[in-house]
Protein chains: 2
Amino acid sequence: MSDDIPEVVVNRLPLYARALTRLAAAGERVVSSQRLGGELEVTPAQIRKDLSYFGRFGTQGRGYDVDGLLERLRAILGLDRRWRVCVVGVGRLGQAVLEYEGFARQGFHMTAAFDASAAVAGRTIRGVAVRAMDELEASLAREPVDIAVVTVPAAAAQEVVDRLAAGGVRAILNYAPISAHAPPGVVVRQIDPVVTMQAMTYHLKAPDGDR
Amino acid sequence: MSDDIPEVVVNRLPLYARALTRLAAAGERVVSSQRLGGELEVTPAQIRKDLSYFGRFGTQGRGYDVDGLLERLRAILGLDRRWRVCVVGVGRLGQAVLEYEGFARQGFHMTAAFDASAAVAGRTIRGVAVRAMDELEASLAREPVDIAVVTVPAAAAQEVVDRLAAGGVRAILNYAPISAHAPPGVVVRQIDPVVTMQAMTYHLKAPDGDR
């Protein structure tokens, strides 16, 4: 299944799940694609198309079953599991990642952290011991993680990604401002606010600034 | 022009610009779509299609003129301008945003900051005075900004976005974990590492983990 679904669709699924979670908490049983689209600024047609990849959830003229669709999305995305996450690079950003409570609330548990600096390794942040970088491979072998968050400087990031992939990590969230490469079977996503801002300024400089 | 180019293409343009900047710095004059694609893990066909929106830069069988394409992309994205940025919400994340040097290096200059807490307003971070939230409108009127970074808690985010849009801010980078709404003419982008992780776990739970 994973080969058939475009990445842009996969990226929207967590947003659908989040909106449905809120609707379910508010006691809503059925939601139309119009309403769900309005919440997410996605067209109803796009929602219907996105969700059609996963089977039939809608009833013509009535809408989607909130609980049923949410349950299916949670299973599809693996949201009902517990994921182990390590942080590599415990500078200001890495520390903020370790301390952000939003990850654990969604099943992403910080289980290890690494830093190249002797001044940082040895510290404990929110119960996670920061280890030296040369312990990375042994630590991953002993206590595997599902996802690694890379918060090292740009110059060090590709080597870190290589070591994580070699150590069996299959999903890497890269905050370093480089387009990191990883072998097949390893998913890398980048968060780079500068790149996001640069895509926004494209719209700012357009005469109408619209969309 | 902005209405013709799909958002997914616009989002890739800063990555092309970054890769071309590196190639130009290394003295490269010409780059093939194969090589550029390899750097960015985008297919050569996709690169040719993306860049075709902006005119003809390639020479069949030879490649793209690095300097010419870079100059065009910088103009298209507004990368050669100076942009004024404010930060709303100076908690740990907002503080990290104010202190991150990568923004100013790319033309994004922090010119104002706001926080609802009396303990934070009044502080100065990297030369930027943090003001009280009730000064937001007057400050924007006096010293407009191009882009706002929203780093307030989820429950406060939509109201902040509304006030920023009403105050004339046309681009908003939202770190709060909500799908914020803004009026037409205002671009909102969200950075949410939890959502990004949730899209990755889709791949982790597939049998082969591949994509």
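This is a conversation about helix 9 of chain B and the interface of chain B and chain A in a predicted model.

Modeller: In this predicted model, local features need pLDDT of at least 70 and side-chain atom pairs count only at pLDDT 80 or more, while totals for chains, interfaces and linings use all residues. Residues are numbered from 1 along each chain, chains are lettered from A in the order in which they are written, and side-chain values use heavy atoms, without hydrogens and water.

Biologist: What makes helix 9 of chain B largely enclosed by the rest of the structure?

Modeller: Buried means under 20% relative accessible area with a 1.4 Å probe, protein chains only, and 12 of the 13 residues of helix 9 of chain B are buried, so this helix is largely enclosed. Among the buried residues are B:Met197, B:Tyr202 and B:Leu204, and these three lose the most area to chain A, together 12% of what the side of chain B buries.

Biologist: Why is the pair A:Glu99 and B:Arg92 called a salt bridge?

Modeller: The term asks for a side-chain nitrogen of Lys or Arg within 4 Å of a carboxyl oxygen of Asp or Glu; the closest N and O atoms of A:Glu99 and B:Arg92 are 2.7 Å apart, so the pair qualifies. Across the interface of chain B and chain A the rule finds 4 salt bridges, and the largest share of the side of chain B that touches chain A, 13 residues, comes from helix 9 of chain B.

Biologist: How many residues does the contact take from each chain?

Modeller: With contact meaning heavy atoms within 4.5 Å, chain B gives 71 residues and chain A gives 71 residues.

Technical notes. Buried < 20%, exposed > 50% of the residue type's maximum accessible area, 1.4 Å probe, protein only. Helix = DSSP H or I, 4+ residues; strand = E, 2+ residues; numbered from the N terminus. Buried area = accessible area lost by both parts, 1.4 Å probe.
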